[in-house]
Amino acid sequence: MRYISTRGQAPALTFEEAMMTGLARDGGLYVPETVPTFSAEDIAAMAGKSYEDIAFTVMKPFIGDTFTDEEFKGLIDKAYADFGHDARAPLVQLAPNHFLLELFHGPTLAFKDFAMQIIGQMMQAALARSGKRITIVGATSGDTGSAAIEAFRGLDNVDVFIMYPHGRVSEVQRRQMTTAAESNVHALAVEGDFDDCQGKLKEMFNDFEFRDEVHLAGVNSINWGRVLAQVVYYFSSAVSLGAPQRKVSFTVPTGNFGDIFAGFIAKQMGLPVERLVIATNQNDILHRCMQSSDYTKHGVTPSISPSMDIEVSSNFERALFWAHDHDGAAVAGLMDELKTKGTFRISENAMTALRDHYDSGAVDEATTYATIASALEHSGELLCPHSAVGVHVGTEHQGENPEVPMITLATAHPAKFPAAVEKASDVYPPLPPRMADLYDRTERVTQVPNDLAALQAIIRERRAR
Ligand SMILES: *Cc1c(COP(=O)(O)O)cnc(C)c1O
C-alpha cells in the first residue's frame with residue numbers, strides 16, 4: 001500500500017513513512033493510493049467481534065507489513081486497555097432509529113483518544129526499531145492536545161510540544177494539557193486562535209531546515225494514521241445495527257473534517273452508508289460551502305463547542321481530492337486561493353461528487369443549549385455541546401429519512417465542558433473517578449506570542465537530544 005499527496009507533487013510513501021511524516025512536502029495530505037474493499041461477507045463476519053478484533057481487520061490492509069500480525073494485535077490491545085468501557089465505543093439509543101455512538105470513554109474523554117492511543121503505540125514501536133528520536137508538534141483546539149499528551153507522556157525517543165489558543169480552551173482541556181509531570185511534555189499557550197496555531201504548525205512543516213533539524217513529526221488530524229484509526233468505529237457501530245444487510249447514516253460534529261472523512265473511507269471500503277451528515281456550530285464554513293459551493297473565511301467566533309471553532313478545515317482537502325478524481329493540481333490550486341484570497345469556489349462537478357455522500361447542517365448557540373436540555377429530558381443522556389450540535393442536526397436528517405438508522409457521534413464527555421452543560425441542563429457533570437484529582441494537579445505551561453521564530457526557538461531549546 002502506497003500513500004500519495006493530495007497535491008500530487010510529493011513522493012509516494014509507505015504507511016510507516018506517511019505516519020511519521022504528517023504533512024507532505026508539497027503542503028498536501030497523504031492518502032492511500034487505492035482504498036482496499038471488503039465484501040458483504042467480510043463485513044458480516046465482524047458481527048459480535050470485539051472492538052480490538054474489528055480494529056485489526058479494518059486497519060490491517062492499510063498498514064501492510066509495517067508490523068507483524070501478532071505485533072499489531074499487541075499494539076491495538078495496549079492502545080484501548082485504559083478505556084473506561086469494555087465496548088470501547090458503545091451505542092446507546094436516543095429516539096426511534098436514532099443512536100448515539102459514545103466515543104468519550106478514553107483517557108482524556110474525547111474521541112481523539114481512539115486515534116492518538118494507537119498512533120502512540122505504533123510510533124513508539126517504529127522508533128524503538130529504528131533507534132530514531134522525533135519531536136512531535138501539535139496544534140489543538142483542546143482535545144487533540146490532551147489526547148496526544150496522554151498518549152506520548154513519558155515515552156522514550158519522543159518530545160511532544162502542544163500549541164493551544166491561550167484562553168480559548170475549557171479548564172478541563174487546559175488542565176489535561178498542563179498537568180503532565182513528564183519532562184518530555186511541553187504545553188505552549190499561543191496568543192491567537194486555533195487557526196493561528198494550525199497555521200504555525202504548517203509553517204514549521206514547510207520550513208524544511210527546521211523540520212529536518214528537530215525531526216519534526218505531526219499527530220494532527222492531517223496524519224493519515226489518525227484518520228485510519230477512526231474508520232474502525234464506523235464499522236463496529238454499523239455492524240451492531242445490522243450492516244451490511246441494513247444501511248445506516250452518520251451525523252458527525254465536524255471541525256477539521258478528520259472524523260467524518262474516516263466515515264467516507266469506511267464507505268469507500270464497502271460499508272453501506274446512506275448519508276454522512278456534517279454538523280457544524282456557528283462557525284459554519286463547511287455548511288455554507290455545501291450550500292453555496294463557496295468556501296469563504298468570515299473569521300472564527302468562539303463558541304461553547306470550542307473543538308469545532310475552525311475555519312481552515314484541513315481534512316476537507318482530502319474530500320476535495322476525491323471530489324476532483326484525485327487531481328492533485330486542481331486541489332493545489334484551490335488551496336493556493338484559500339491562502340492568498342481567503343476563499344475558493346468549488347466546480348459544479350466536484351460539488352455533485354461531494355453531495356453524493358455528504359449533507360450538512362449548522363447549529364447556533366441557543367439551539368445547542370436547548371438540545372442538551374431536551375436530550376436529557378427525552379432520553380436521560382447528558383450531552384457535551386459538540387455532541388449536542390450533532391444530535392440536533394442528526395435529528396433533523398433522521399426525520400427526513402426515518403427508515404434509515406441514524407448514528408450520531410458523541411465526540412466528548414459532558415464533564416469536559418461542565419460550565420456549558422450545567423447552564424443548559426442545571427446538572428453539573430462530574431469527572432469520572434479516575435480523573436477526579438485533575439483540579440489539584442500542578443500546572444506547567446509557557447505563554448508564547450503567535451510568532452513562528454519564537455515558537456521554533458522554544459522547541460529547539462527544550463527538546464532533548
Ligand atoms: C476534534 C473534535 C471535533 C471535531 O473533529 P474533526 O475531526 O476535527 O472534525 C468535534 N468534537 C470534539 C469534542 C472534538 O474534540
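**Sheets, ligand site and backbone geometry in a predicted model**

Strand E3 is joined to strand E4 (residues 98–102) by four bridges, and the two strands run antiparallel. In this pairing, Ala95 stands opposite His98 in E4. The model described here is a predicted one. Strands of a sheet pair through backbone hydrogen bonds, in either a parallel or an antiparallel manner.

E3 and E4 belong to an open sheet of six strands, arranged in the order E3-E4-E14-E9-E10-E13, in which the pairing is mixed. Its edges are formed by strand E3 (91–95) and strand E13 (358–362), each of which pairs on one side only. On average, and with direction ignored, neighbouring strands of this sheet are turned by 25 degrees against each other. Helix H17 (residues 385–400) lies across E3, E4, E9, strand E10 (273–280), E13 and strand E14 (406–410), and runs at about 170 degrees to E14.

A further open sheet comprises five strands in the order E8-E5-E6-E7-E15, and here the pairing is parallel. Strand E8 (216–217) and E15 are the edge strands of this sheet, each pairing on one side only. Helix H6 (residues 143–152) packs on the sheet, where it touches E5, E6 and strand E7 (185–190), and the direction of the helix makes about 165 degrees with that of E6.

Within the five-stranded sheet, strand E5 (residues 134–139) is mostly covered, with six of its six residues buried. In a regular strand, side chains alternate between the two faces of the sheet. Both faces of E5 are covered, since Ile134, Ile136 and Gly138 on one side and Thr135, Val137 and Ala139 on the other are all buried. E5 is joined by six bridges to strand E6 (residues 158–165), and these two strands run parallel. Along this pairing, Gly138 stands opposite Ile162 in E6, while the bridge partner of Val137 in E6 is Phe161.

The ligand is surrounded by 15 residues, of which Lys112, Asp143, Gly255, Asn256 and Thr411 come nearest. Several polar contacts involve oxygen atoms of the ligand. A polar side-chain atom of Asp143 lies 2.4 Å from one such oxygen atom, whereas for Asn256 a polar backbone atom is found 2.7 Å from an oxygen atom of the ligand. Asp259 likewise contributes a backbone N or O atom, which lies 2.9 Å from a ligand oxygen atom. Taken alone, the ligand exposes 380 Å², and the protein buries 98% of that area.

Three positions were noted for their backbone geometry. A cis peptide bond, with omega of about 5 degrees, joins Ala243 and Pro244, and Pro244 is found in the loop between helix H10 (224–240) and strand E9 (248–253). Ser293, although not a glycine, has a positive phi of about 70 degrees; this residue lies in the loop between helix H12 (285–292) and strand E11 (294–296). Because its relative accessibility is 11%, under the 20% limit, Ser293 counts as buried. A positive phi, of about 65 degrees, also occurs at Asp426, which is not a glycine, and Asp426 is placed in the loop between helix H18 (418–425) and strand E15 (446–448). With a relative accessibility of 71%, over the 50% limit, Asp426 therefore counts as exposed.

Key: Residues numbered from 1 in each chain as written. Predicted model: local features only at pLDDT ≥ 70, side-chain atom pairs only at ≥ 80, totals over all residues. Heavy atoms only, no water. Buried < 20%, exposed > 50% of the residue type's maximum accessible area, 1.4 Å probe, protein only. Pairing = 2+ DSSP bridges. Axes fitted to C-alpha atoms, helices over the stretch in contact; angles between N-to-C directions. Contact = heavy atoms within 4.5 Å. Near = heavy atom within 4 Å. Polar contact = N/O pair within 3.5 Å; in protein donor to acceptor, adjacent residues only side chain to side chain. Areas by Shrake-Rupley, 256 points an atom, 1.4 Å probe, with all protein chains shown as cover.
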